[in-house]
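User: I'd like a close look at the inside of this model, starting with any enclosed space and moving on to what surrounds it. Walk me through it, please.

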Amino acid sequence: MKILVTGGAGYIGSHTVLSLLENNYDVVVYDNLVNSSIESIDRVEKLAGKKVEFVEGDICDKDKLSQVFKQYKIDAVIHFAALKAVGESTQIPLSYYQNNVHGTVCLLEVMQKNEVNDFIFSSSATVYGEENDIPYVETMKLGTPSSPYGASKVMVERILADLAQSDDNFRGVSLRYFNPIGAHESGTIGEDPKGIPNNLLPYVAQVAVGKREKLSVFGDDYETKDGSCERDYLHVMDLAQGHVAALDWLNRHSDFSGVEAFNLGTGNGVSVFAILKAFELATNKGIKFEVSPRRAGDLPAFWANANKANKELNWQADRNLEQMMEDTWRWQSKNPNGYLV
Ligand SMILES: NC(=O)c1ccc[n+]([C@@H]2O[C@H](COP(=O)([O-])OP(=O)(O)OC[C@H]3O[C@@H](n4cnc5c(N)ncnc54)[C@H](O)[C@@H]3O)[C@@H](O)[C@H]2O)c1
């Protein structure tokens, strides 16, 4: 089976491409490299001992996308390509809606024209918004996220629901990721944010390697166990395998049409201070930090109810916090400058 992976050179995409290859799927990566490097694909090819077709292109470029669908016989699409920095999305919301919403519509149009119906979408826990109780369950209504980034994910989920209503052939899966961290156990591929990292773990790892002076912990007075924010961290390789599980689920359910959402998380909330402790324990690296004021829009705590993915996809996040920390550190210490070689 041939899978088109948009955004496949990025963090989650590259780990998923590796899992796909290991499960005997053929892969075509389509990426404009706005937030990634082609080096990730070279390394995935070496790890898997298999070839990946790579096309540099933008999902908004329908002509180029059409060529790809014509040239390769694509059976299904996994759609990672998006801008993903929550803070930046409040500064340049139009770019986020253009890229994440319009870009997805372009991709869906080209898929429909080429009669490709199977679609797996990178959604996010952010679609539960600020109003839902924790843990989040798929039966909850879509919420109102505080950022344009989050809103773009809600909009795409709505578009998928409308498309499924109008087109009996459409077979969509929205995977709502919680907080992926870690790296492939080889330390060969990992998260390589451009500029100052927005996420906790890359920042922690860059402090550990001496690239940043200290971490800011945003708020220590939340109503949580230790006052810092709690999130549901899962290993990126577990998340990657969740995509293989979703493809297998689509293949098993040949009579399915519509769109189905699954939470991909561990089901546990872990605090920022607990992450710092776990990182220090796993790596023997003390992390300098200071407590800063809360960040606007940060929720105190959320985690997944992952029962649906456990039961229906036969998937669960197996790797523990220690592995997440060790693998993050292996990647960061072996590649202090990321993919810059
Ligand atoms: N990392 C997380 O914590 C997280 C959590 C929830 C959801 N997600 C979603 O998962 C997906 C992948 O995230 P990631 O962390 O791997 O991000 P990433 O930035 O590492 O990967 C995204 C990839 O998409 C590419 N891209 C962006 N816009 C494009 C366009 N218009 N055309 C072609 N390629 C384009 C980038 O170059 C990059 O390679 C995104 O949709 C993101 O919103 C991520």
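Analyst: There's one cavity of 30 Å³ or more in the structure (on a 1 Å grid over protein atoms alone, points where a 1.4 Å probe fits but can't get out). The largest cavity has about 40 Å³ of space, counted as the space filled by probe spheres set on the points. Bear in mind that this is a predicted model, where local features need pLDDT of at least 70 and side-chain atom pairs pLDDT 80 or more, while totals for chains, interfaces and linings use all residues. Numbering runs from 1 along each chain as its sequence is written, and side-chain values use heavy atoms, leaving out hydrogens and water.

Who lines the largest cavity? Leu 108, Met 111, Gln 112, Val 116, Asn 117, Leu 163, Asp 167 and Phe 170, each with an atom within 4 Å of a point. Five of the lining residues are nonpolar, two polar and one charged (Asp, Glu, Lys and Arg count as charged; Ala, Val, Leu, Ile, Met, Phe, Trp, Tyr, Cys and Pro as nonpolar; the others as polar). Helix H5 (residues 93-113) contributes most to that lining, with three residues; helices here are DSSP runs of at least four residues, strands of at least two.

Follow the chain on from H5 and you reach Glu 115, in the loop between H5 and E5. Glu 115 isn't a glycine, yet its phi is positive, near 55 degrees. The loop between strand E5 (118-124) and helix H6 (148-166) holds Pro 135, which a cis peptide bond joins to Ile 134, with omega about -5 degrees.

Now for some helix packing. The axes of H7 and helix H9 (residues 272-283) come within 11 Å and cross at roughly 40 degrees, so the two are oblique to each other (not under 35, over 145 or from 65 to 115 degrees). In their contact (heavy atoms within 4.5 Å), H7 supplies Leu 200, Leu 201, Val 204, Ala 205 and Ala 208, and H9 supplies Val 272, Ile 275, Leu 276 and Phe 279. That set is nine nonpolar residues, with no polar and no charged ones.

The axes of H7 (residues 200-208) and helix H11 (residues 321-334) come within 10 Å and cross at roughly 55 degrees, which makes H7 oblique to H11 as well. Here Leu 201, Pro 202, Ala 205, Gln 206 and Ala 208 of H7 meet Met 325, Thr 328, Trp 329 and Gln 332 of H11. This contact has six nonpolar residues, three polar and no charged. Leu 201, Ala 205 and Ala 208 of H7 take part in both contacts.

Definitions and conventions:
Axes are lines fitted to C-alpha atoms, for helices over the stretch in contact, and angles run from 0 to 180 degrees between N-to-C directions. On a 1 Å grid over the protein atoms alone, a cavity is a set of points where a 1.4 Å probe fits but cannot get out, and a pocket is an open set with protein on both sides within 12 Å along at least five of seven lines; lining residues have an atom within 4 Å of a point.
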